[in-house]
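Student: I should like to learn how to read the features of a structure that is new to me. May we go through it together?

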Amino acid sequence: MALVRAYLPIGIIVRKSPGVTRWAKWSWRVVAVLPGAGPADWRELRRDGDAVEYHAATLNLDLWSSDTEAYLVGLSAKIPSLIVVLRETQGSANGMPFEPVIVTASPYEGQDYLDSGDGLIEAVPMPLGVIGWVRDFVQEHHVEEVFIKRKRDKQRVDLVEDGKGDARVRQMSDVYRAPRGTSSDSGGVH
């Protein structure tokens, strides 16, 4: 079966608000996504005092027919979510500390990014239209994989004990005995 890909442009909405500790001047969070959004580069959408919301970027949400099991897991969550990954940047042209890198509907892929701890990783609730689009893709392309239990062979390998340790390694004596000193040893601790 051929690998099938579908994609949908998703706008990433990031909120910058004053930090709550003296160590973090600003708090950055991905607060929403916009399905079908046009291109953007940190375009300001709304300002409320010191808090500002930006349309940071528009990324493609890719769905692959090989990942339908992961999408099913994501859709069955209490709140189906998209995972958005922002990487920290140094001295970017737009002056923003993050660059949107990926948006995914796969909780498995999202977990991989969380495990790496690289950047800002946020789960954002999926809009209803995106839930329907992902569900339709899964219904069309999901193939249930049958679990096949591996069976042991009947050969008994515990009846004969050839010796201790690895038979391929030549040994002069029992592997559990302390090594014998050589003639070059002076017998004392150096």
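Student: With which residue does Glu53 form a salt bridge?

Tutor: Please note that the model is a predicted one. A salt bridge is recognised when a side-chain nitrogen of Lys or Arg lies within 4 Å of a carboxyl oxygen of Asp or Glu. Here Glu53 is paired with Arg46, and their closest N and O atoms are 2.7 Å apart. Glu53 also meets the side chain of Arg15 in a salt bridge, at 3.0 Å from N to O. Since Arg15 belongs to strand β1 and Glu53 to strand β4, this pair ties together parts that are 38 residues apart in sequence.

Student: Are Arg15 and Glu53 buried or partly exposed?

Tutor: The cut-off for buried is under 20% relative accessible area. Glu53, at 11%, is therefore buried, whereas Arg15, at 27%, counts as partly exposed.

Student: How many salt bridges does a search of the whole structure find?

Tutor: The search finds 5. Among them is the one between the side chains of Arg135 and Asp136, at 3.3 Å from N to O. Through shared partners, Arg15, Arg46 and Glu53 are joined into one network.

Student: Which residues touch the most other members of the largest nonpolar core?

Tutor: They are Ile12 and Val134, in a core of 31 residues. Several elements supply at least two residues each, including β1, α1 and α3; β4 gives the most, with 6 residues. Leaving aside residues up to four places away in sequence, Val134 touches Leu63, Tyr71, Leu75, Ala105 and Met126.

Note on methods. Residues are numbered from 1 along each chain as its sequence is written. This is a predicted model: local features need pLDDT of at least 70, side-chain atom pairs count only at pLDDT 80 or more; totals for chains, interfaces and linings use all residues. Side-chain values use heavy atoms; hydrogens and water are left out. A nonpolar core is a set of buried Ala, Val, Leu, Ile, Met, Phe, Trp, Tyr and Cys residues joined through side-chain atoms within 4.5 Å. Buried means under 20% relative accessible area, exposed over 50%, partly exposed in between (1.4 Å probe, protein chains only). Helices (H or I, at least four residues) and strands (E, at least two) are DSSP runs, numbered from the N terminus. Contact means heavy atoms within 4.5 Å.
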